[in-house]
Structures are given as structure tokens and as C-alpha cells.
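I opened this model to look up three things: a histidine, the cysteines and the pockets. My notes follow.

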Amino acid sequence: ASIMALIVDEMGPLRAVRWLMANMPRYLVSTALLGPVRAHLACAIASLRNNCIYCAHGHIYALELLYVRDHGRLFPVDANALDGWFGLESRALRRKLHVALAEAGMHTEAIWAVRIIALAEGTQQPVTGAEARIAHLIRMATTMNKIAVSAGLRPEQAQDPVNKNVTVKATHAALRAAAAM
């Protein structure tokens with residue numbers, strides 16, 4: 001089943017439509033204003049914290065494809081190798097993300113990852129518009145995480161329009177295959 005069908009099953013048709021109408025436009029605006037990388041980073045962090053392999057994979061894979069598209073090389077984290085990322089306490093997750101993002105040359109995102117984790121764990125409250133958008137993404141991802149985990153959804157595709165770019169996907173697959181040798 002798709003995540004949308006599961007949302008309807010979980011919430012009922014009317015509540016699901018209301019939830020989607022309240023959240024999807026804001027998600028799209030937040031993604032446009034924050035940029036897809038930061039938006040996927042926020043959703044991936046929430047999904048890792050909530051042990052949702054379906055969503056974590058979808059958002060990390062989106063980061064991988066965006067990184068290949070923008071930089072022509074592999075992102076340091078493989079969405080198919082996230083097992084060691086689940087269940088980490090916040091400090092360990094911050095450290096792993098900092099190392100990966102710094103290795104990718106994404107130093108601003110490494111700083112943002114610290115803030116996203118603080119927002120996700122509730123130790124900080126949003127103080128800027130960007131942080132309020134991230135907090136919304138975290139809440140939205142958490143709702144979807146609960147539904148995906150309870151349904152046992154398995155990883156599929158990148159949760160981004162870049163998933164439709166066959167050239168980027170082929171380049172990514174070739175780079176991953178070469179790295180595995």
C-alpha cells in the first residue's frame with residue numbers, strides 16, 4: 001500500500017483530506033523556501049529518530065540524488081545502509097551527521113543538523129521563521145513515520161521530484177556500484 005492510502009486508512013477519509021490540505025501546501029512552501037536539501041534533512045532526522053526505515057530511506061535517498069545532481073559525486077551516506085543510524089541518542093546522531101555533511105562539504109547543513117535535532121527532541125523551540133518551518137516538517141514527518149512504521153512499509157524511492165530524473169538515478173547507481181567494488 002502507498003503512504004497516502006495508509007494515511008487514509010489510519011485517519012479516515014475526511015480527516016486525512018483535512019490533514020493533507022493543512023500540511024501539504026505548507027510542506028511544499030517550506031521545501032521551496034528552505035531548499036530541498038534542508039527540508040529532506042529535517043524529515044530524515046525525524047524519521048531516523050522515529051525508527052522509520054521507509055521515510056528515512058526516502059529522504060536520505062533524495063539527498064543522495066540531489067547531491068549527485070548538484071556535485072556529480074556520491075553523498076557520504078548510503079540510504080541502503082542506514083541500519084546503524086536508528087536508535088542513536090542525539091549526541092551520536094549529531095556526530096554522524098556532522099561527519100557526513102562536513103565530508104560532503106555541506107558545512108552550513110552540518111550546523112543546521114544540530115538545530116534540527118534540538119527541535120526534534122524538544123530541547124529547543126523555533127525562534128525564526130525557518131525554524132518554525134522545520135518544526136512543522138518534523139511534526140509532519142513524525143505523523144507519517146508512525147503510520148509507515150505501524151504498516152511495516154519498506155523502503156522504495158526518493159521522496160522528491162528528482163526521483164523522476166532517470167539520468168541522475170543512473171549516475172547515482174553507477175557511482176554506488178563503482179564504490180562497492
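**Histidine entry**

I found His-40 in helix α3; helices are DSSP runs (H or I, at least four residues), numbered from the N terminus. This is a predicted model, so I kept the thresholds in view: local features need pLDDT of at least 70, side-chain atom pairs count only at pLDDT 80 or more, and totals for chains, interfaces and linings use all residues. Residues are numbered from 1 along each chain as its sequence is written, and side-chain values use heavy atoms, with hydrogens and water left out.

His-40 is buried, at 1% relative accessible area (buried is under 20%, exposed over 50%, partly exposed in between; 1.4 Å probe, protein chains only). I listed its contacts (heavy atoms within 4.5 Å), leaving out residues up to four places away in sequence: Tyr-27, His-59, Ala-62, Leu-63, Leu-66, Gln-159 and Asp-160.

**Cysteine entry**

I searched the whole structure for disulfides (cysteine sulfur atoms within 2.5 Å) and got zero. For Cys-43, the nearest cysteine sulfur belongs to Cys-55, 8.3 Å away. Cys-43 is buried, at 3% relative accessibility. Cys-52 is in no disulfide either; its nearest cysteine sulfur, that of Cys-55, is 3.5 Å away. Cys-52 is buried too, at 1%.

**Pocket entry**

I looked up the largest pocket (1 Å grid over the protein atoms alone; an open set of points with protein on both sides within 12 Å along at least five of seven lines; 1.4 Å probe; lining residues have an atom within 4 Å of a point). Its lining has 25 residues, with Met-4, Tyr-27, Ala-158, Gln-159 and Asp-160 nearest the centre. Elements giving two or more residues to that lining are α1 (3-11), α2 (13-34), α3 (36-49), α4 (53-71) and α7 (129-151).
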